[in-house]
Amino acid sequence: MTTFPETFLWGTATAAYQVEGAWNEDGRGPSIWDTFSHTPGLVAGGDTGDDACDHYHRLEEDLDILAALGVGAYRFSISWPRVQPGGSGPVNAPGLDFYSRLVDGLLARDIAPVATLYHWDLPQELEDAGGWPHRDTARRFAEYARLMGDALGDRVHTWITLNEPWCSGYLGYASGVHAPARTEPAAALAAVHHLNLGHGLAVQALRTTAAAAAQMSVTLNLHHVRGVSERDADAVRRADALANRAFLGPMLEGAYPRDLVADTASVTDWSFVRDGDEAAACQPLDVLGVNYYNPTLVRQWDGSAQRETADGHQDGAASPWIACENVEFVRQPGPYTEMGWNIDETGLTELLLRLHHDHPGLPLMITENGAAFADVVDADGRVRDERRVDYLRRHLTAVTEAMAAGADVRGYFVWSLMDNFEWAHGYAKRFGIVRVDRDTMERTWKDSAHWYREVVATGKLPS
Ligand code: FCB
């Protein structure tokens, strides 16, 4: 039987816009996701996060669920426009109070607060001023981080600056399937840079305001890129540069990879990178957050047949894969989750070992892993989501394999605590281990939640 270390941090994760609702209450300003979801045709079913899971009003109930699950940590995100409505200026006290109560409620239940500062909900006012392609947004972000450090820094266990800047940069500004729905490749690369810079400046701001013991982190959705054959090595290199090393380079090594700059030379000259920026982006981190759902398979495209684009992200008006015109994203063999993502936990082991090898000494934490399935509520009210249990078991086993081979993995967070607003897919994709009834907002533990409770309690995977 597989046993995890006693210090292993078990948690679940959510994000503000996906669960909170209360989109225009208590002084919250609009974010780019309000604008996006209120634009007809952009989100499946016309869904919005206006009500989401009503978590804003059901905080105590949700905290009690976390306590009953027995988790040691909870990863949530702070809605920037709730605490600083226009993205600059003073704190909105009622908005901040919500997070203060959340943090206190976690601590009262012995659950470590893991706070993500940016899970994609940029204040609309900052987007109107240019958004992430605009340098000032990085500075605004650092200022917001400082305010949160001042307000919550005595109580937050781990700070995650950004969630998946890959999505913010490329899905938001290149393919446009995420807010703010722009399709401007050069701007997307500028956004990537300002996200990296904002991350570094935010870590600096938090180090001066948060408790000395607080851990600093960032969450990346690194793509574990494989080639169909050895002939595809350059396609792998190119996709890896754009998806992974565009962030790992500046954040962990203080430099953009030369091949990335060369690959994208026809799109931008990277003149938005100023002297000192890469050093500023590279701040010592205590732990690296890794989100993993499935691997990526690529092939060099020779132009003879139609190019496959099965990268797992929705098709937009343009590709998120800037300067990857000769790279095909090949559909992988099943089984698949409801997102159409293939289930392959070996990618997680390999990814963790790569990070262990490339960045020795940097502890890792799985900040998201989980699966959407079309759950059915049985006549007895139970949700027998054995495919989700199987997915989680496989991936946790993969984590133990990486650990056995040397990777220093400190924790694991299931995505997600509850069914929620899955971005452009709306509520149709259910990732929760707790079901949320869309009509009544009633929370029901799925079988996976009961299973996870046992894992957390015993530190072992039940056979
Ligand atoms: C990740 C996001 C998270 C959730 C999962 C399914 O990319 O960080 O908010 O949508 O995917």
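Good morning. In what follows, helices of at least four residues and strands of at least two are DSSP runs, numbered from the N terminus. With that convention, Ser416 can be placed in the loop between strand E11 (409-415) and strand E12 (434-436). Please keep in mind throughout that this is a predicted model.

Let me stay with Ser416 for a moment. The peptide bond that leads from Trp415 to Ser416 is cis, and its omega is near 10°. A cis peptide bond also joins Gly334 and Pro335, with omega at about 0°. Pro335 belongs to the loop between strand E9 (327-329) and helix H13 (346-358).

Trp415 brings us to the ligand. Which residues surround the ligand? They are Gln18, His119, Trp120, Asn163, Glu164, Asn291, Tyr293, Glu368, Trp415, Glu422, Trp423 and Phe431. For three of these side chains I can give distances to an oxygen atom of the ligand. In Glu164, an N or O atom of the side chain is 2.5 Å from a ligand oxygen. For His119, the corresponding distance is 2.8 Å. For Glu368, a polar side-chain atom lies 2.9 Å from an oxygen atom of the ligand. How much of the ligand's accessible area does the protein cover? On its own the ligand has 300 Å² of accessible area, and the protein covers 95% of that.

I turn now to empty space in the model. Rolling a probe the size of a water molecule over the atoms shows where such space is left. The count comes to 3 cavities of 30 Å³ or more. The largest cavity has a volume of about 60 Å³. Its lining consists of Ile32, Trp33, Tyr118, Trp120, Trp132, Cys167, Ser168, Tyr173, His178, Ala179 and Pro180. Two elements give two or more residues to this lining, namely helix H2 (32-37) and helix H8 (165-173). The largest share, 3 residues, comes from H8. What classes of residue make up the lining of the largest cavity? There are 9 nonpolar and 2 polar residues, and no charged ones. Trp120 is one of the residues that line this cavity, and Trp120 is also among those that surround the ligand.

The largest pocket is a separate item. Its volume is about 730 Å³. The pocket is lined by 38 residues, and those nearest its centre are Asn294, Asp311, Gly312, His313 and Trp341. By class, this lining has 15 nonpolar, 17 polar and 6 charged residues. Charged residues therefore appear in the lining of the pocket, given that Asp, Glu, Lys and Arg are the residues counted as charged.

Next, the backbone. Two residues other than glycine have a positive phi that I should like to point out. In Asp54, phi is near 55°. Asp54 sits in the loop between H2 and helix H3 (59-69). Is Asp54 buried or exposed? Its relative accessibility is 16%, and because buried means under 20%, Asp54 counts as buried. In Ala181, which is likewise not a glycine, phi is about 60°. Ala181 is located in the loop between H8 and helix H9 (185-209). With a relative accessible area of 33%, Ala181 is partly exposed.

Finally, I would draw your attention to three buried positions. The first topic is Arg28, in the loop between helix H1 (16-19) and H2. Arg28 has a relative accessible area of 8% and is therefore buried. Its side chain makes a polar contact with the side chain of Asp34, at 2.8 Å.

Gly198 is part of helix H9. Its relative accessible area is 0%, so Gly198 is buried. Where does the chain bring Gly198 and Trp132 in relation to each other? They are 66 residues apart in sequence, and their C-alpha atoms are 9.3 Å apart in space. Trp132, as noted earlier, is one of the residues lining the largest cavity.

Ile322 is placed in the loop between strand E8 (296-300) and E9. At 6% relative accessibility, Ile322 counts as buried. Along the chain, Ile322 and Arg238 are 84 residues apart, while a distance of 9.9 Å separates their C-alpha atoms.

That concludes the presentation. Thank you for your attention.

How values were computed. Residues numbered from 1 in each chain as written. Predicted model: local features only at pLDDT ≥ 70, side-chain atom pairs only at ≥ 80, totals over all residues. Heavy atoms only, no water. 1 Å grid on protein atoms, 1.4 Å probe; cavity = no way out; pocket = protein on both sides within 12 Å on 5 of 7 lines; lining within 4 Å. Points joined across faces, edges and corners; volume = space filled by probe spheres on them. Buried < 20%, exposed > 50% of the residue type's maximum accessible area, 1.4 Å probe, protein only. Near = heavy atom within 4 Å. Polar contact = N/O pair within 3.5 Å; in protein donor to acceptor, adjacent residues only side chain to side chain. Areas by Shrake-Rupley, 256 points an atom, 1.4 Å probe, with all protein chains shown as cover.
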